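Colleague: I would be grateful for a close look at a single part of this protein, followed outward into its surroundings.

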Amino acid sequence: MSFDRPESPETTLPVWVSADDIEDLLDESKGLLRRSGDAVLQQVPLGPLRKNLTATVDALQQLFAEVAARGGALPLKEAQLSFQISATGGVQLIGTGQVQGTRAITLVFKQ
């Protein structure tokens, strides 16, 4: 799969997401109702995911550049952020109070 060309509407990426992100929590194949917080393998559309992740990273890089420009005795050398992907391709940064018990992807930015 090439990321240089626009993907077709059906291009997706399998991602484990929270069942809370899925409107229909019924697992029809097993006839079971999923519990809130369960992980579900979901085909996430790449178009919205790419757009949201790019916008998030662009905003973070601008913020980091402003912080780094301040200089000082202890300049910013590294930043680590965790985020979750929603079933629709949304990107949510995770604050430290929410990290416990969550599944997250960590981005590390180094100077």
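Is valine 40 buried or exposed, and what is its relative accessible area?

Modeller: The model is a predicted one, and what follows should be read in that light. Valine 40 has a relative accessible area of 10%; because the cut-off for a buried residue is under 20%, valine 40 is buried. The residue belongs to strand β4, which spans 39–45. Its C-alpha atom is separated by 5.7 Å from that of alanine 19, although the two residues are 21 apart along the chain.

A further link leads from valine 40 to valine 15. With neighbours within four places in sequence left aside, valine 15 is in contact with Val40, Leu41, Gln42, Val44 and Ile85. Valine 15 is itself part of the largest nonpolar core, whose nine residues are Val15, Val17, Val44, Leu46, Leu49, Phe83, Ile85, Ala87 and Val91. Two or more residues of this core come from each of β1 (12–18), α1 (46–69) and β5 (78–85). Apart from this core there is another, of six residues, including Val57, Leu60, Ala79 and Leu81.

The helix α1 deserves attention next. Its buried residues are Leu46, Leu49, Thr56, Val57, Leu60 and Phe64. Among the elements covering them are β1, β4, β5, β6 and β7, and β4 is the strand that holds valine 40. As to its length, α1 has 24 residues, which at 1.5 Å a residue should span 34 Å; the end C-alpha atoms are 34 Å apart, so the two values agree. Just after α1, glycine 71 adopts a positive phi of about 65 degrees.

Strand β5, which contributes to the largest core, also takes part in an open sheet of three strands. The order of this sheet is β6-β5-β7, and the pairing is antiparallel. The strands β6 (91–93) and β7 (105–110) are at the edges, where each has a single partner strand, so one side of each has no neighbour in the sheet. On average, and with direction ignored, neighbouring strands of this sheet are turned by 35 degrees against each other.

On one side, β5 pairs with β7 over six bridges in the antiparallel sense. Leucine 81, a member of the six-residue core, has leucine 107 of β7 as its bridge partner, while glutamate 78 stands opposite lysine 110 in β7. Three bridges join β5 to β6, again in an antiparallel arrangement. Here phenylalanine 83, a residue of the largest core, faces leucine 93 of β6 as its opposite number. The hairpin of β5 and β6 has five residues between the strands, and in it glycine 89 takes a positive phi near 95 degrees.

Finally, the protein as a whole gives the setting for valine 40. One helix and seven strands make up the secondary structure, in the sequence pattern β-β-β-β-α-β-β-β. Of the 111 residues, 23% are buried, and valine 40 is one of the buried residues. Among contacts with a separation of 6 or more, 63% join residues 24 or more positions apart. The accessible surface comes to about 8,100 Å², and carbon and sulfur atoms account for 54% of it.

Terms used:
Residues numbered from 1 in each chain as written. Predicted model: local features only at pLDDT ≥ 70, side-chain atom pairs only at ≥ 80, totals over all residues. Heavy atoms only, no water. Core = buried A, V, L, I, M, F, W, Y, C linked by side-chain atoms within 4.5 Å. Buried < 20%, exposed > 50% of the residue type's maximum accessible area, 1.4 Å probe, protein only. Helix = DSSP H or I, 4+ residues; strand = E, 2+ residues; numbered from the N terminus. Contact = heavy atoms within 4.5 Å. Pairing = 2+ DSSP bridges. Axes fitted to C-alpha atoms, helices over the stretch in contact; angles between N-to-C directions. Expected span 1.5 Å × (residues − 1). Areas by Shrake-Rupley, 256 points an atom, 1.4 Å probe, with all protein chains shown as cover.
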